[in-house]
Amino acid sequence: ARIMRRRNLGEKAAEVVQRLDAFPKFEESCQEKTSSGGTISILTFALIGLLVVSEFLYYSRLEYGYAYGVDADLDGTLTFNIDIVIAMSCDYIGADLLDLAGSTHYASEKLKLERTYFDLTESQMTWLRARRELMDKHEEWRSLQDDHMEKYASVHTPIPQRSNRDVPAGKEPDSCRIHGSMEIKKIAGNFHVTAGKAMQHPRGHAHLSAFIPRESFNFSHRINRLSFGYAAVGTFNPLDGELKVTEERNQMYQYYLQIVPTRFYFVNGKNHSANQYSVTERARVISHASGSHGVAGVFMKYDLSSLTVQITQSRRPVWVFLVRLCGIIGGVFATSGLIHSLVGFVLDLIFCRRSSLPLTLTDQKGGSLSETSTPVSTPASTPTPSTDSGTAFQ
């Protein structure tokens, strides 16, 4: 008896669960397959495949989170990297770096000065155009975006060097290239290139420009590279590829740089420190007669921000990918079914495929109704039943 009761309870539970089935099944004889449905199915599967591939590519990309903090490393140093070409002879110019602490770094001691040509070769022009195009796009976006980090991971390609076959025949080098790196303190400073060699005296710092012929002054310049620290993925140096050409002898160029320390936290657990900077530039002609005082040359004044940018690299969770994948598949299936039903209904209305047929009673005992296309014939005359005069209907 107990076994029978348990069996009955199990059957009742199965019936209850069966009534809760939200996915009823239809027999094959009740299903109709059409060419339009097959076409919609093919398009649906193609769209699902395309969206799944797109979602997988989106999931495989890395995410970047941005945060701000206070730079606590005030006593450290950073590397100053420079590669600039001045359209003057190396014998006529002097370059050095001064900071607010009074330290002086002479380019002749820590940087390399070599004779070169100001005109660019074809490969160098291609490199310069690519750099300026990249910088223009970065100016349009105005921020570090994820596609910047992935697409321009190797933007720090140096300018191609001039080969022996690119050397102009019978022409002496007309410019001076100053390049190299040096360690500086993390305080504001000024790197400048002007006429005359630098000399230190008790009251400050001066350049012996009085002995340089005025007609040899030409501060047209090209900045191949200007950065602080080491290169990092996704960082941009706004002055890389900068080209300035002037016909004035007493031209003064000023660049004001704001350095922002940046720290990268990669998904593999490694950390990397770099420095980004923004720049504001100004150019004017020195004319003491008209009140424009100063010294002709190229001046780069920099200062460091007290804030630091923290960029964290991470991957998207797997459950997010699965949820989005289920949403794509279910949404496309549901939408395609609605579109198929709607298109079929509209076509039926346009081509009058639905005919209004009378419904007749085919099975009175079963009480079921069915459609028939055979019209019901009505006899021309209906016999009238005879009644007995002595019979009365109640």
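In this predicted model, strand β14 gives the largest share of the lining of the second largest cavity, namely 3 residues. Two strands, β10 (221-228) and β14 (297-304), each put at least two residues into that lining. The full set around the second largest cavity reads Phe 80, Leu 226, Phe 228, Leu 257, Met 300, Lys 301 and Tyr 302. Sorted by class, that makes 6 nonpolar residues, no polar ones and 1 charged. The space inside is about 30 Å³, and the structure holds 2 cavities of 30 Å³ or more. As for how such gaps turn up, rolling a probe the size of a water molecule over the atoms shows where empty space is left.

Some of these names come back when the aromatic rings are considered. Phe 80, Phe 228 and Tyr 302 line the second largest cavity, and they also belong to one aromatic cluster together with Phe 191 and Tyr 277. Within that cluster, Phe 80 and Phe 191 form a tilted aromatic pair, with 5.3 Å from centre to centre and 50 degrees between the planes. This pair ties together distant parts of the chain: Phe 80 sits in strand β2 (residues 77-86) and Phe 191 in strand β7 (residues 189-195), 111 residues apart. Both Phe 80 and Phe 191 are buried.

The count of aromatic pairs comes to 9. Another of them joins Phe 56 and Phe 321, and it is edge-to-face because the ring planes stand at 70 degrees, with the centres 6.4 Å apart; the cut-off for edge-to-face is over 60 degrees. Here too the chain is bridged over a long stretch, since Phe 56 belongs to helix α2 (residues 35-60) and Phe 321 to helix α6 (residues 318-351), 265 residues apart. The two partners don't share a burial class: Phe 56 counts as partly exposed at 45% relative accessibility, whereas Phe 321 counts as buried at 13%.

Rings also meet charges in this model. The charged end of Arg 316 sits over the ring of Tyr 58, 3.9 Å from the ring centre. Likewise, Arg 222 has its charged end over the ring of Phe 118, with 5.7 Å to the centre of that ring.

Next come the pockets, which are open sets of points, unlike cavities, where the probe cannot get out. The second largest pocket holds about 350 Å³ of space. It is lined by 18 residues, and the closest to its centre are Asp 73, Lys 186, Pro 261, Ser 273 and Ala 274. At least two lining residues come from each of β2, β12 (251-265), β13 (271-285) and β15 (307-314). Strand β2 is also where Phe 80 of the tilted pair is found. By class, the pocket lining splits into 5 nonpolar, 8 polar and 5 charged residues.

Finally, there is a loop residue to look at. Thr 121 lies in the loop between β5 (112-116) and α4 (122-141). Despite being in a loop, Thr 121 counts as buried, because its relative accessibility is 7% and buried means under 20%. The side chain of Thr 121 also makes a polar contact, at 3.2 Å, with the side chain of Ser 123.

Terms used
Residues are numbered from 1 along each chain as its sequence is written. This is a predicted model: local features need pLDDT of at least 70, side-chain atom pairs count only at pLDDT 80 or more; totals for chains, interfaces and linings use all residues. Side-chain values use heavy atoms; hydrogens and water are left out. Rings of Phe, Tyr and Trp (its six-membered ring) pair if their centres lie within 6.5 Å; planes under 30 degrees apart count as stacked, over 60 as edge-to-face and the rest as tilted. Helices (H or I, at least four residues) and strands (E, at least two) are DSSP runs, numbered from the N terminus. Buried means under 20% relative accessible area, exposed over 50%, partly exposed in between (1.4 Å probe, protein chains only). A charge sits over a ring if NZ of Lys or CZ of Arg is within 6 Å of the ring centre and within 35 degrees of the ring normal. On a 1 Å grid over the protein atoms alone, a cavity is a set of points where a 1.4 Å probe fits but cannot get out, and a pocket is an open set with protein on both sides within 12 Å along at least five of seven lines; lining residues have an atom within 4 Å of a point. Grid points are joined across faces, edges and corners, and a volume is the space filled by probe spheres set on the points. Ala, Val, Leu, Ile, Met, Phe, Trp, Tyr, Cys and Pro count as nonpolar, Asp, Glu, Lys and Arg as charged, and the others, Gly among them, as polar. A polar contact is a pair of N or O atoms within 3.5 Å; within protein, one must be able to donate a hydrogen and the other to accept it, and residues adjacent in sequence count only if both atoms are side-chain atoms.
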